[in-house]
Amino acid sequence: MPDSHPLDRPVWNALATRHAALAEGDALARRFRADISIFAAAANAGAAATAALRALVPADGAIGLVEADPPPPLPETRIALQASLDQMLLDAPLPPAKRAPIDWVALGDADAPEMRALAERTRPGPFSANTHRMGDFVGVRRDGRLVAMAGERLKLPGFTEVSAVCTDPEWRGHGFAEALMRVLIERSLARGEAVFLHCFADNPAVRLYAALGFRVRRPIVYTMLEPAPIPASAA
């Protein structure tokens, strides 16, 4: 697993540094706590690290790998999902906003149930009960209801990922996603960090990301692994 660029292995480089406090595992393999995220990674492609990663696969769940290349086979697991994503990077100032500013609020533990419910309605990507503890989250409320949000996900030295960008279908078209992304991006740039994200190439939101200055850095592979079923003959 070459480390030619930190973003080629964003999960490992986050779990080994800025997100170490949210990790389970050891120097060979780590994963986020299950209430935080399904993301996991091995330190390298060696047999010991592979075995350590296999030990982190829950008996009744899955782990998600985000790597530049497809992972080597992991014993006693099966691929539940594998997809190619575009990893997009922004490392320059934002262009001027074309819309008027909107009212937004910081989100935290008290908002967690609403945040998860919004993520379940809009499916922006994996979102667990405490995913919001990975970084800053901001949102828009209308009539007291959370209708849009965006947050920080993977954090590694020099880089922060923007993720969970979503808007309730009834409130799309008001520019909430762009406004919330700008809040988070400006914070990261002010800290001297570049901002990245992952998305499918055919996601309509790619137009927004490009307009904000994101460029495709490289394709990246997302793999979800779960325990392989025990053959009936061995049960």
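Colleague: How many disulfides does the structure hold?

Modeller: Zero disulfides. Keep in mind that this is a predicted model.

Colleague: How do you know that Cys166 has no disulfide partner?

Modeller: Look at the sulfurs. A disulfide needs two cysteine sulfur atoms within 2.5 Å. The closest cysteine sulfur to that of Cys166 sits in Cys199, 15 Å away, so the two are too far apart for a bond. Starting from Cys199 you land on Cys166 as the closest, again at 15 Å.

Colleague: And why are Cys166 and Cys199 called buried?

Modeller: Buried means under 20% relative accessible area. Cys166 has 5%, so the label fits. Cys199 has a relative accessibility of 5%, so it counts as buried too.

Colleague: Okay, on to the rings. How many aromatic pairs are there?

Modeller: The count is four. One of them is Phe39 with Tyr222.

Colleague: What makes Phe39 and Tyr222 an edge-to-face pair?

Modeller: Two checks. Ring centres have to lie within 6.5 Å, and planes over 60 degrees apart count as edge-to-face. Here the centres are 6.3 Å apart and the planes are at 85°, so both checks pass.

Colleague: Why do you say that the pair ties parts together?

Modeller: Phe39 is in the loop between β2 (29-32) and β3 (40-42), while Tyr222 is in strand β11 (residues 215-227), so the pair joins parts that are 183 residues apart in sequence. Phe39 and Tyr222 are both buried, by the way.

Colleague: Why is the pair of Phe127 and Phe137 called edge-to-face?

Modeller: Run the checks again: the centres are 6.0 Å apart and the planes make 85°, so edge-to-face is the right name. Phe127 belongs to the loop between α3 and β7 and Phe137 to strand β7, ten residues apart.

Colleague: Are Phe127 and Phe137 buried or exposed?

Modeller: Buried. With the cut-off at under 20%, Phe127 gets in at 12%, and Phe137 at 3%.

Colleague: Which residues of helix α3 are buried?

Modeller: In α3 (residues 112-122), those are Ala112, Met115, Leu118, Ala119 and Thr122.

Colleague: How do you know that they are on the same side of α3?

Modeller: Around the axis they cover an arc of only 125°, which places them on the same side.

Colleague: What covers the buried residues of α3?

Modeller: The cover includes β6 (105-107), β7 (137-142), β8 (145-156) and β9 (159-167).

Colleague: Which residue just after α3 takes a positive phi?

Modeller: Arg123, with a phi of about 55°.

Definitions and conventions: Residues numbered from 1 in each chain as written. Predicted model: local features only at pLDDT ≥ 70, side-chain atom pairs only at ≥ 80, totals over all residues. Heavy atoms only, no water. Buried < 20%, exposed > 50% of the residue type's maximum accessible area, 1.4 Å probe, protein only. Helix = DSSP H or I, 4+ residues; strand = E, 2+ residues; numbered from the N terminus. Arc of directions from axis to C-beta. Contact = heavy atoms within 4.5 Å. Phe/Tyr/Trp six-rings, centres within 6.5 Å; stacked < 30°, edge-to-face > 60°.
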